[in-house]
Amino acid sequence: MERYNFKEFEHKWQKIWEEKKIFQTKIDKNKKKFYCLEMFPYPSGKIHMGHVRNYTIGDVLSRYKKLKGFNVLHPMGWDAFGMPAENAARENNLNPKDWTNRNIETMKNQLKKLGLSIDWSREISTCNEDYYKHQQIFFLELFEKGLVYRKENYVNWDPVDETVLANEQVIDGKGWRSGAIVERKKLSQWFFNISKFSQELLDGLEDLKKWPNKVKTMQKNWIGKSFGCEINFEIEGELPVKNIKCFTTRPDTLFGFSFLALSVDHEVSNFYKNNREFLKFKEECSKTGTTEEAIAVGDKIGFKTSLFAKNPLKPDQMVPVYFANFVLMDYGFGAVFGCPGHDQRDYDFAKKYNLEIKTVVRPYDETDEFKVNKEAYSGPGILINSDFLNGQKAPEQSVIETIKILEKRKIGKKRINYRLKDWGVSRQRYWGCPIPIVYDKDGNVKAVPKEMLPVRLPDDINLSVKGNPLDSQKEWKEVNIDGKKYT
């Protein structure tokens, strides 16, 4: 029988382990070796070959480490909360708790038959109140430190499942389970304030010496640090609006400016709240979704206001101000300046509304007669048709020079922006960890005292109702704290 080089064997499987993002830690405490392997499957009801493959890898590593003298911790956990369990229970007329626990028992028996070296005395389940009590404590500690907050924001809304979807759950503009076209809907949501740590997260990537470069690049793009300019556009028109701010990474293309686009939630929208055409337009915008994919591939639509924006580098040029469905309020200031010649999204919008398309950047291998045709040119090159900026290399030289000019004229300033957004905490509908926050009659929030935790889910639940079954649980929702009623 062929003998294996276990160092090579371990290296090979550890690489696969990392690619599959299976949790693995090593701790060296008091010179005593410790090796931790953790499993965290969703209890769908039966294991498949993917489970067998991954858990066999973990089992081999676990046994090998034990033979090498490591103290091995090899527990099992079940990712047991979530919409799939609630939907399955609804379809089968079962309680999600009963359905989930039954699946866990089935999968546990199957895994035991495989002979894996899992320590079943260290088993956890996220739907167990002994576990989610600590989730609630953690939430309250974040709340106390100002790292979790509540605000109204647009979300991906599945009109069939009547639930919020993460961007990853929206496939081709449709809900991953229902197949329904996802809508944009404004809801009051809880958020983790992770954007506060954007630069810290970015800097921390440099310490991850063993991470693959492609993974670190993906993380950098996700955090999305961008250097640009905050511009204060002077506004003229029938409304009492004097200035509109926007953030851009390409202020050097201002000579290609042909429209200013606003989010439908921009403060200027308050002047159109009784305008039927605008309200109809806003409703149409809700069908776009909030994912970058949906915005990129969706039809670009706009609503023309009675306002005009002045080009800060060419004061005699006035351009129309639109509301546009591709501008989101949570990026920059909810306003972008349109340069159709060098942004495809702006190009599509300009074509639709017959707006001017100016070429202000030419590729290095083209002459000054180069003209954008059929699609925007977004690559590097030389500035043209840009008055005193002509001839500068774009964007490495021209962006910095343009910001200096705008700062000197006191109409713009250098700014760092991050693509990373605060994480929304979506509780789905019923089958999820209760958030330990209650509200008084005026809507003010109050943390549930830690001695009252865990806030348990009600067992007697009617899943046949539309929307969130918890909405009909009047007795469960009403809480008495220090002699005062909360819901």
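**Definitions set against values in a predicted model**

User: Which residue of strand 21 is the bridge partner of Phe-191?

Analyst: Gly-424 of strand 21 is the bridge partner of Phe-191. Another residue, Phe-192, stands opposite Trp-423 in strand 21. The model is predicted, with local features needing pLDDT of at least 70 and side-chain atom pairs pLDDT 80 or more, while totals for chains, interfaces and linings use all residues. Residues are numbered from 1 along each chain as its sequence is written, and side-chain values use heavy atoms, with hydrogens and water left out.

User: What makes strand 10 and strand 21 a pair?

Analyst: Two strands pair if DSSP finds at least two bridges between them. Strand 10 (residues 183-192) and strand 21 have 3 bridges, in the antiparallel sense, so the criterion of at least two is met. Strands here are DSSP runs of E with at least two residues, and helices are runs of H or I with at least four, numbered from the N terminus. Strand 6 and strand 10 also pair in the antiparallel sense, over 10 bridges, and Val-155 stands opposite Lys-185 in strand 10.

User: How do you know which strands are the edges of the open sheet with the order 7-6-10-21?

Analyst: The sheet has 4 strands with antiparallel pairing. Strand 7 (163-165) and strand 21 (423-425) each pair on one side only, and these are the edge strands. On average, neighbouring strands of this sheet are turned by 70° against each other, direction ignored. Helix 5 (residues 129-144) packs on the sheet and touches strand 6 (148-158) and strand 10, its direction making about 85° with that of strand 10.

User: Why is one side of strand 17 and of strand 19 left without a neighbour in the sheet?

Analyst: Their open sheet has 3 strands in the order 17-18-19, with antiparallel pairing. Strand 17 (361-362) and strand 19 (393-394) stand at the edges with a single partner strand each, so one side of each has no neighbour in the sheet. Strand 17 and strand 18 (residues 381-383) pair over 2 bridges, and the bridge partner of Val-361 in strand 18 is Leu-383.

User: Why is helix 3 called roughly perpendicular to helix 4?

Analyst: Helix 3 (residues 83-91) and helix 4 (residues 96-113) pack at about 105°, with their axes 8 Å apart. That angle makes the two helices roughly perpendicular, a class that runs from 65 to 115 degrees, whereas under 35 is roughly parallel, over 145 roughly antiparallel and the rest oblique. Axes are lines fitted to C-alpha atoms, for helices over the stretch in contact, and angles run from 0 to 180 degrees between N-to-C directions.

User: Which residues make the contact of helix 3 with helix 4?

Analyst: Ala-85, Glu-86, Ala-88 and Ala-89 of helix 3 meet Pro-96, Trp-99 and Thr-100 of helix 4, where contact means heavy atoms within 4.5 Å. By class this contact has 5 nonpolar, 1 polar and 1 charged residues.

User: What makes Asp-346 count as buried or exposed?

Analyst: The relative accessibility of Asp-346 is 2%, and this residue counts as buried, because buried means under 20% relative accessible area, exposed over 50% and partly exposed in between (1.4 Å probe, protein chains only). Asp-346 lies in helix 10 (residues 344-352). Leaving aside neighbours within four places in sequence, Asp-346 is in contact with residues including Phe-259, Phe-326 and Phe-337.

User: How do you know that Ser-44 is partly exposed?

Analyst: Its relative accessibility is 36%, so Ser-44 counts as partly exposed. Ser-44 is found in the loop between strand 2 (32-37) and helix 2 (49-67). Beyond neighbours within four places in sequence, Ser-44 is in contact with Trp-99, Asn-103 and Met-107.

User: Why is Asn-354 called exposed?

Analyst: Asn-354 has a relative accessible area of 72% and is therefore exposed. Its place is in the loop between helix 10 and strand 17, and its phi is positive, about 55°, although Asn-354 is not a glycine.

User: What makes Lys-410 count as exposed?

Analyst: Lys-410 has 74% relative accessibility, and that value puts it in the exposed class. Lys-410 is found in the loop between helix 11 and strand 20 (412-418), with phi near 60°, a positive value in a residue other than glycine.

Terms used
Nonpolar A, V, L, I, M, F, W, Y, C, P; charged D, E, K, R; others polar.
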